[in-house]
Amino acid sequence: MIKDFNFYAPTRVVFGRKAEEQIGQLVSAAGATKVLLHYGGGSAERSGLLGVVRNQLQAAGINFVELGGVVPNPLLSKVYQGIELCRREKVDFILAVGGGSVVDSAKAIGYGIGYAGDVWDLWEAKAVPQSCLPIGVVLTIPAAGSEMSSSCVITKDEGKLKRGINSDLCRCRFAVMNPERTYTLPAYQTAAGATDIMMHTMERYFSKYDEMSLTDAISEALLRTVMDSVRQVLREPENYRHRAQLMWAGSLAHNDLTECGSEKDFGTHRLEHELSALFGVTHGAGLAAIFPSWARWCVARHEARFVQFAVNVMGVTNDFSNPRQTALRGIEALEQFYHEIGMPTSIHELIGRNITDSEIDEMVDKCSRGGTITVGAMEVLGPSQMREIYQLAR
């Protein structure tokens, strides 16, 4: 069966060497008069990228204010600061310089500008987004795909609650992407980013809708390319070709292209959100720690899909006499790949100790919102299923 779909990808992508030299023109074309320049730590400053961005805005005659300090798993407290600053300074455009955390923080600020209540209401499903300030991105980390997605994930400081919402209102007007700006990424961050890219694709690939062979082929090519390219850049950090392929793959993996005719599951993502909220771990590494256990938990009910993944993505020889063995060998091959690039395949590897039963209970409670919701699509997970997968992954 093929699922009906509506594909919408309005973001203009300016890709390549010296792409950042078009920032002033792009922001001017968006009609901006006062910009919030939003970024994370010191790397964008040390690399000179922020200087380039400031010069571009100044040359275009565009006023701006700045707000730095965004951290991985971006915090609601920073969003509140941004909303207050933007209202006070009458900001009408947000320019995010960084990776997915900065982009998500910018989106949340954009939502909050026009919302009269507490912006966290949107993540608590007490309200739905009605507006968002226009946003542009200068991307420095290929991973989250937020530069072309409709998603926004924020962590509430109090209670360590990590939540995501989706709305086309927050889709970025443009994304400036220069692969050379990723050369200095640490190996661990590069590997975790590639893992996140792959998971955005895999959580659409593993679907109850399985007859859109064209979308499958796009997904399989994307996954094989990311695996090849991350191996290459871990050996040669300044390999432009493979840095470029990772950067473009990050956008394609999460702009819904690989969901056309399919349906995203994202159960693994929702389970991982509780890991990174509770333990502060890197999101991509958390996904690697959870997914193999999710796969083994449900492989018996989706054997043909896992066989296709094993053969077409992981290069496993198909044992036609024993499809279950082929499917399991595909999961094992993925685990070997994760270890090859320095990613964990269990929670113990991820946090460096055994996770406790009470910590699992806490994550299940938060993920299910006290047992009031389920997550996932190919496999619908309630509290008991969540607990089983966390136990397998421990």
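**Group meeting: salt bridges, burial and overall form**

I will start at one residue: arginine 301 has a relative accessible area of 47%, so it is classed as partly exposed. Before going on, please keep in mind that this is a predicted model.

What does arginine 301 pair with? Its partner in a salt bridge is glutamate 379, and the closest N and O atoms are 2.8 Å apart. Arginine 301 sits in the loop between helix H10 (283-298) and H11, and glutamate 379 in the loop between helix H14 (357-367) and helix H15 (383-393), so the salt bridge ties together parts 78 residues apart in sequence. Glutamate 379, at a relative accessible area of 10%, is buried.

Now the wider setting. The protein has 15 helices and eight strands. Its radius of gyration is 21 Å, close to the 21 Å given by the globule rule for 394 residues, so the protein is as compact as a globular protein of that length. Along the principal axes, the C-alpha atoms fill a box of roughly 70 × 45 × 45 Å. Of the 394 residues, 58% count as buried. Taking contacts between residues at least 6 apart in sequence, 77% join residues at least 24 apart. The protein exposes about 15600 Å², and carbon and sulfur atoms supply 49% of that area.

Back to charged pairs. Side chains of opposite charge can pair when their charged atoms come close. How many salt bridges does a search of the whole structure find? The search finds 23. One of them joins arginine 163 and glutamate 274, at 3.6 Å from N to O. Arginine 163 belongs to strand E7 (residues 161-166) and glutamate 274 to helix H9, with their positions 111 residues apart in the chain. Are these two residues buried or exposed? Arginine 163 is buried, and glutamate 274 is buried too.

Another salt bridge is formed by the side chains of arginine 324 and glutamate 303, at 2.7 Å from N to O. Here helix H12 (residues 323-340) supplies arginine 324 and helix H11 supplies glutamate 303, 21 residues apart. Arginine 324 is partly exposed at 34% relative accessibility, and glutamate 303 is partly exposed at 22%. There is also a network: Asp168, Arg171, Arg204, Asp256, Glu259 and Lys264 are joined by salt bridges that share partners.

Next, some single residues. Asparagine 255 lies in the loop between helix H8 (240-254) and helix H9 (267-279), and is buried at 3% relative accessible area. Its side chain reaches the backbone nitrogen of leucine 257 at 3.0 Å. Beyond neighbours within four places in sequence, asparagine 255 is in contact with Phe7, Tyr8, Ala9, Met148 and Arg171.

Histidine 200, in helix H6 (residues 187-205), is buried at 3% relative accessibility. Leaving out neighbours within four places in sequence, its contacts include Ala143, Ala253 and His269.

For contrast, alanine 304 in helix H11 (residues 303-312) is exposed, with a relative accessible area of 61%.

Last, the cysteines. Why is there no bond between cysteine 298 and cysteine 367? The closest cysteine sulfur to that of cysteine 298 is in cysteine 367, and it is 15 Å away, too far for a bond. A disulfide would need the two sulfur atoms within 2.5 Å, and the count by this rule is zero. Cysteine 298 is buried at 0% relative accessibility, and cysteine 367 is buried at 2%.

Definitions and conventions:
Residues are numbered from 1 along each chain as its sequence is written. This is a predicted model: local features need pLDDT of at least 70, side-chain atom pairs count only at pLDDT 80 or more; totals for chains, interfaces and linings use all residues. Side-chain values use heavy atoms; hydrogens and water are left out. Buried means under 20% relative accessible area, exposed over 50%, partly exposed in between (1.4 Å probe, protein chains only). Helices (H or I, at least four residues) and strands (E, at least two) are DSSP runs, numbered from the N terminus. A polar contact is a pair of N or O atoms within 3.5 Å; within protein, one must be able to donate a hydrogen and the other to accept it, and residues adjacent in sequence count only if both atoms are side-chain atoms. Contact means heavy atoms within 4.5 Å. The radius of gyration is taken over C-alpha atoms; the globule rule is 2.2 Å times the number of residues to the power 0.38. Accessible areas come from the Shrake-Rupley method with a 1.4 Å probe; for residues, only the protein chains shown count as cover. A salt bridge is a side-chain nitrogen of Lys or Arg within 4 Å of a carboxyl oxygen of Asp or Glu.
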